[in-house]
Every structure is written in structure tokens, then in C-alpha cells.
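The following exercises concern a single protein chain. Please study the sequence and the structure shown below, and attempt each task before reading its solution.

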Amino acid sequence: MTIQTISVKSLSKIYRVWKHPRDLLIEGLSGRVRHSEFQALTDISFDVPAGSVVGLMGRNGAGKSTLLRIIAGTLDASGGSAVVAGRIAAILELGTGFHPDYTGRENVFLGGLCLGLSRNEIKQRFDEIVDFAELWDFIDQPFRTYSSGMQARLTFAVATCVDPDILIIDEALGVGDARFQLKSFDRIRRFKEQGKSILLVSHNIAQIVAICDRAILLEKGRVLEDGDPNVVGKIYHELLFAPAPAVTISQPPAQSPEDVSGQHHEDISADGPKQIDGAADVAAGDAPAQGEFQGSERERRYGLREVEIVDVKIEDANGQPTTFLQTLTAYKVVLKMRSKKVFSDLHIGFLVRDLKGIEIFGWDTANSLVGPIPAVVEGEVFVHKIAFRTNLSGGQYFLTASIAQADKTKQDMRFDCLAITVAPTPHIFTASFANLEMRLIDRSSGEEIYGRFERED
């Protein structure tokens, strides 16, 4: 039987909002209602098993911080329940439980006491806390004089030193230098290996994908999606960047116009995914010709589709399509598009991600300073080719293709639309993503030494 360290059932939270401070007093004295109500959370339910890392994503105002505060016990729910089994350490904001005028040393004791430690326990762990935070030179300075990164380091060090059963982190990992973030991630991974549960809020999709086993997406106080971090991350990206009206297409293009007219597409709204009919006008458009690209099972697609990507493939040196690539070999991405109106400011871009959804490489014509592609006219079908060299180690990857306007308006965004496999490189690069073509230089001749399983181009 799986042990649930956090169990949230039908949770809701309603805030009372008074337009003016005096309205609260008038309501209290007269009994007449002078407030409005804001529904911050509505019918939230999920469980967090022991030893899992769950990421919470959502736009500002989605209810993430309210949910964490209820779970941490610092805020009461209006309905439902949040049951927690075990000791909680929560980092809800920088300096939680710390006093700005106290020194770092004094705040270590204050924060530890707030987390349920005795003075003797804090003394025993004090050196470990300051070592982790790397603040010995500043530990006797007032906390208000610390930079935001230093505050984050001390807050995280204190919160994680109590050996909690459950660790709740609200955006704290986004502050601090890269070295401290790496240390924090390593500690989180150790907590997971020890069977502890972690609830993490972050706007960084790559961070959620890299750390979490599962992700929950909130929108306007409701659970919009709950599942694989890679899938949830793509939906969150769509929520952030899709133009309105946005149409989510989670399946590849239809096989025929008849299929298109009968398709159902998901429309993201405050009430969660819903089915809408008659999407042919804004959906897949004309069916792909025989032999054209049909998409991968992982594809998620959105955009205005006034210009759309109808085919994506990779060609080898002989112009033959392939999805099985050799490392350190040259290929071309071939992008076929169709425009429904005149455009003069279009940019194309690509992203390579691994099986877990971690971004390996990204490129587009805007950031590369290539500039927009040549102008297109209504009804034009056009093709662009992009040359690349496969500096990847063996493994499976997914290609994302996109076309957008100069003002970032997404016309067609096709996440993980093409699955590619890079052939294994024997005996080398087995634990890496990239192949940097490293060679030992002979001390005598100064020439590169090739290994037994390597070959020159």
C-alpha cells in the first residue's frame, strides 16, 4: 500500500475583499455585508506519495501560494481538507520566520525554533547550516543587509537541516547563484532517495521537468492538468504563449478533410479542458499529402495557424528522409509551410529535447540574427532547409518546430513533432547528451590521437 504524505480532498479557499478599510468596520458594527468574495481555490484534490517530487505550475494568481500555505498549515481552508503526515519544512518566501534586524546567527535559531527544533538541536546543526549557506563571513551581520541570494541560501539551509518528512518550496530555488542552485538540487535529490516528499512551485518548466516525477498545473484556482511533467510543461507553455483564441491540438493532423471536420479539439479555459465541435475552420486545414509528416505520439500543437507547418523531416546527404542519425554527421531539417495570408515578419525556430523533456538545444532565425524569412503571400506553399551537424551522443530525442511573427505571436508551435534516434557511439559518450569530439593531443607530434572505435570524417 502506497503511503500518502499529503492528501488534499475537494479543497477550496474564498477570500473576503473589502473595497475600503472602513467597510470592514462598518460591516462589523452594522452587520450589513460590505465585502465581495474571491474564489482563490476550487475543488482541488490530489495525493503526494512518500518519496515523490511534485511540481506546481501556473500563472501568477493561479492559487499556487494559497495552496501551499494551506498545506503548510499557515492558512485555513474554506472547504475540503489537506491532511499531512510527518514533519513539514516550508520555504514559502525569502526569509520566512526571520527577523530583518536580527543577525544571521540569531535568525538561524529563530528559524529553527519555528520549525520545531530545540535550542540544543539547533546548536548541534549550526555549523552544518552555515557551511551549506556559505555565510561564515556574514553570519553576525543583520539579515536585512543580506542580498536576496544570501537570504535564499540561509533560508534554504535552515529549512532543510531539520530532516523534514515533507519539504515545501515556493520559488526559492530560482534565487541565488548557479553554484547554490546546484547544491540545492543535489539536496533535493538526496531527500527523494531517503523517501521524503517534496512539493515544489516553479515557473521554470525545465526545472520542473528535470526534478519532478509529476506536475500539477493550476489555472484560476482549478487543476487544469495533473500528470507527466513533460506533458504538463507543454500545456503550461501553451497557456503562457498561445495567442487568443487558442486552439490546443494534441493529435497529429487528420488524414482527410472529412476527418478534420469531425475532429474534437481541447480548448483550455478556467474550467479545465473541454470539447468543442466545428474546429475545422481553425484546426488542421488541408490534409497532408501522402508521405508527408504525420507527427509523433508526443506532439502537442497550438497557434493561430494563419501560416502553418504542414511537413517536418530530416534529410541525409543524399536528400533521403531519415530519423536515424549518425553522431557527428551533417543533415538538413526540411520545413514545409503553407500561408493563408501575406506575411513579411516570420521567424522559424527549432528545439531539441530528450525523452524526459529536458531542452538540449534551441535555435531560431531571430536570436541567430539571420532575420525574418522572405515574405510570403496568401496561399503560398514554401520550404526552408536548415543545415546542422549531429553533435549528440546516442539516444532518442524529439524535435520541436515553430513559426512565429517578430512580435512573438505564435502561428504554429509543434512540440515534440518528430522523434529522432542517434546511433550509439561505442564505448564513449555513454552518459552524455553532447558529443564534443574531444581528442587527446600527442605530446610529441602535437597531432590528435583517435581511439580504437573512433574514425575521422
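A salt bridge is a side-chain nitrogen of Lys or Arg within 4 Å of a carboxyl oxygen of Asp or Glu. The model is predicted: local features need pLDDT of at least 70, side-chain atom pairs count only at pLDDT 80 or more, and totals for chains, interfaces and linings use all residues. Residues are numbered from 1 along each chain as its sequence is written, and side-chain values use heavy atoms, with hydrogens and water left out.

**Exercise 1. Salt bridges**

Task: Determine which parts of the chain are tied together by the salt bridge of Lys 385 with Glu 315.

Solution.
Step 1. The closest N and O atoms of Lys 385 and Glu 315 are 3.4 Å apart, and the pair forms a salt bridge.
Step 2. Helices (H or I, at least four residues) and strands (E, at least two) are DSSP runs, numbered from the N terminus. Lys 385 belongs to strand E18 (residues 381-389) and Glu 315 to strand E13, so the bridge ties together parts that are 70 residues apart in sequence.
Step 3. Relative accessible area separates buried (under 20%), exposed (over 50%) and partly exposed (in between) residues, with a 1.4 Å probe and protein chains only. At 11%, Glu 315 is buried.

Task: Repeat the analysis for Asp 140 and Arg 105.

Solution.
Step 1. The salt bridge between Asp 140 and Arg 105 has its closest N and O atoms 2.8 Å apart.
Step 2. Asp 140 lies in the loop between helix H4 (119-133) and helix H5 (148-160), and Arg 105 in helix H3 (residues 104-114), so the pair joins parts that are 35 residues apart in sequence.
Step 3. Asp 140 is partly exposed at 45% relative accessibility, and Arg 105 is partly exposed at 32%.

Task: State how many salt bridges the structure holds, and name the residues that salt bridges with shared partners join into one network.

Solution.
Step 1. The structure holds 24 salt bridges.
Step 2. One of them links the side chains of Lys 341 and Glu 306 (4.0 Å, N to O).
Step 3. Lys 385 and Glu 315, treated above, form another salt bridge. Arg 301, Arg 305, Glu 308, Arg 338 and Asp 412 are joined into one network by salt bridges that share partners.

**Exercise 2. Open sheets**

Task: Describe the sheet that contains E13, E15 and E18.

Solution.
Step 1. Two strands pair if DSSP finds at least two bridges between them. The three strands form an open sheet in the order E13-E15-E18, and the pairing is antiparallel.
Step 2. E13 and E18 each have a single partner strand and stand at the edges, so one side of each is left without a neighbour in the sheet.
Step 3. E13 pairs with E15 over eight bridges in the antiparallel sense. Within this pair, Lys 313 has Val 334 in E15 as its bridge partner.

Task: Describe the sheet with the order E2-E1-E4.

Solution.
Step 1. This open sheet has three strands with antiparallel pairing.
Step 2. Strand E2 (35-49) and strand E4 (79-84) stand at the edges with a single partner strand each, so each has one side without a neighbour in the sheet.
Step 3. Strand E1 (residues 4-18) pairs with E2 through eleven bridges in the antiparallel sense, and Leu 11 stands opposite Ile 44 in E2.

**Exercise 3. A buried strand**

Task: Decide whether the residues of strand E3 (residues 53-58) are buried or exposed, and find which strands pair with E3.

Solution.
Step 1. Six of the six residues of E3 are buried.
Step 2. In a regular strand the side chains alternate between the two faces of the sheet. In E3, Val 53, Gly 55 and Met 57 point one way, whereas Val 54, Leu 56 and Gly 58 point the other way.
Step 3. E3 pairs in the parallel sense with strand E7 (residues 197-201) over four bridges, and Val 54 stands opposite Leu 199 in E7. E3 also pairs in the parallel sense with strand E8 (residues 214-219), over five bridges; Met 57 has Leu 217 in E8 as its bridge partner.

**Exercise 4. Surroundings of a helix residue**

Task: Locate Ile 129 and list the residues that it touches.

Solution.
Step 1. Ile 129 is found in helix H4.
Step 2. Ile 129 counts as buried, at 2% relative accessibility.
Step 3. Contact means heavy atoms within 4.5 Å. Not counting residues up to four places away in sequence, Ile 129 touches Val 108, Leu 154, Ala 157, Val 158 and Cys 161.
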